[in-house]
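Trainee: Please take me through this model by question and answer, with the cut-offs behind each term.

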Amino acid sequence: MTILFISDLHLEANRPEIGEQFLDFLAGEAATADALYILGDLFEAWLGDDDPNPYYGHIKLALRKFTDSGIPTYFMHGNRDFTIGARFSEETGLEILDDPTVVSLYGEDVLLTHGDAMCTDDVQYQQIRAMTRDPAWQAMMLAKSIEERIAFAIQARQESLARGEALSDEIMDVNEDAVVETLRESNVGTMLHGHTHRPAIHVVNFDGRSAKRIVLGDWYEQGSVVRWDAEGPRLETMPR
Ligand code: MN
């Protein structure tokens, strides 16, 4: 009886070893889990559910096969794949969750989030985030042809490089005040997120109480998973 959590795989055709490990994970350990939660950035980039990219088609088929076996599988948007929509959900059988969502795990309320919304020190990023999460902006973008969206993505990447953002590929960490605010609003004792690529379990003290912040790692060099059972959560790496 284990519930599995992963995030930040950043799947793309150029890094097939990540996809191979993910497909092995689906066919292996995950196939006997009670549920699987994917907390964002499953894909390196998502141009829209109509993207004919064959590599992503291959991953979608594997997800379909997995969910057809009856295991509840949930997906939350990351900052790389936030345009995943209803068609993807229908094709794969993944249920899309709002960010954040509170779930009850073995009697404990846990807040799930991708994590980027708490990176408030990066003001420019939060401005871009606000723009790109606007339904009107998304509708405008998804109305463009795939070719136009590819050109837009390349341009956005070049602008990001020009700002020096991608020089180190370092993602800014969460802001502690934003973490406390999120915990206070949701009134949970534990939050679980990805995005920062800094896997750890932190204790957060505030308002005279203490909460836990569990951070999943990325899959660039190895897998990262939280295995949650009646004993509680375990954050572990999965060697390639
Ligand atoms: Mn992210």
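**A predicted model, residue by residue**

Trainee: Which residues does R129 touch, not counting residues up to four places away in sequence?
Mentor: In this predicted model, contact means heavy atoms within 4.5 Å. Leaving out residues up to four places away in sequence, R129 touches D99, D116 and A117.

Trainee: Where does R129 lie, and is this residue buried or exposed?
Mentor: Local features of this predicted model need pLDDT of at least 70 and side-chain atom pairs count only at pLDDT 80 or more, whereas totals for chains, interfaces and linings use all residues. Residues are numbered from 1 along each chain as its sequence is written, and side-chain values use heavy atoms, with hydrogens and water left out. R129 lies in helix 4; helices (H or I, at least four residues) and strands (E, at least two) are DSSP runs, numbered from the N terminus. With buried meaning under 20% relative accessible area, exposed over 50% and partly exposed in between (1.4 Å probe, protein chains only), the 16% of R129 makes this residue buried.

Trainee: Which protein atoms are the donors of the manganese ion?
Mentor: Donors are N, O and S atoms within 2.8 Å of the metal (3.2 Å for Na, K and Ca), and sites may look incomplete because water is not among the atoms. The protein donors here lie 2.0 to 2.2 Å from the ion and follow the spacing D-x37-N-x34-H-x80-H along the chain. They are D41 (OD), N79 (OD1), H114 (NE2) and H195 (ND1).

Trainee: How many residues apart are H114 and H195?
Mentor: Both histidines are buried. H114 is in the loop between strand 6 and helix 4 (123–132), and H195 is in the loop between strand 7 and strand 8. The pair thus links distant parts of the chain, its members being apart by 81 residues.

Trainee: What is the phi of H195?
Mentor: Most residues other than glycine have a negative phi, and most peptide bonds are trans. H195 counts as buried because its relative accessibility is 5%. Although H195 is not a glycine, its phi is positive, at about 75 degrees.

Trainee: What is the phi of D8?
Mentor: D8 is found in the loop between strand 1 (3–6) and helix 1 (16–27). At 0% relative accessibility, D8 counts as buried. This residue other than glycine also has a positive phi, near 55 degrees.

Trainee: Which two residues does a cis peptide bond join?
Mentor: One partner, P100, is in the loop between strand 4 (95–97) and strand 5. Omega is about 0 degrees at this bond, which joins D99 and P100.

Trainee: In what order do the five strands of the open sheet stand?
Mentor: Two strands pair if DSSP finds at least two bridges between them. The pairing in this sheet is mixed, and strand 5 (101–105) and strand 8 (200–206) are the edge strands, each pairing on one side only. Strand 6 (residues 108–113) and strand 7 (residues 190–193) run parallel and are joined by four bridges, with L111 opposite M191 in strand 7. The order is 5-6-7-9-8.

Trainee: At what angle does helix 7 run to strand 8?
Mentor: Axes are lines fitted to C-alpha atoms, for helices over the stretch in contact, and angles run from 0 to 180 degrees between N-to-C directions. Helix 7 (residues 176–186) lies across strands 5, 6, 7, 8 and 9 (209–215). To strand 8, helix 7 runs at about 75 degrees.

Trainee: Which element gives the largest share of the largest nonpolar core?
Mentor: A nonpolar core is a set of buried Ala, Val, Leu, Ile, Met, Phe, Trp, Tyr and Cys residues joined through side-chain atoms within 4.5 Å. Of the 29 residues in the largest one, I6, F22, F25, L42 and F43 touch the most other members. Strand 1, helix 1, strand 2 (35–38) and helix 2 (54–68) each give two or more residues. The largest share, six residues, comes from helix 2.

Trainee: Why are the buried residues of helix 5 said to be on the same side?
Mentor: The buried residues of helix 5 (residues 135–142) are W137, Q138 and M141, and they pack against helix 4 and helix 6 (146–162). P135 and A136, on the other side, are exposed. The arc is that of the directions from the helix axis to the C-beta atoms. The buried residues are on the same side of helix 5 because their arc around the axis covers only 95 degrees.
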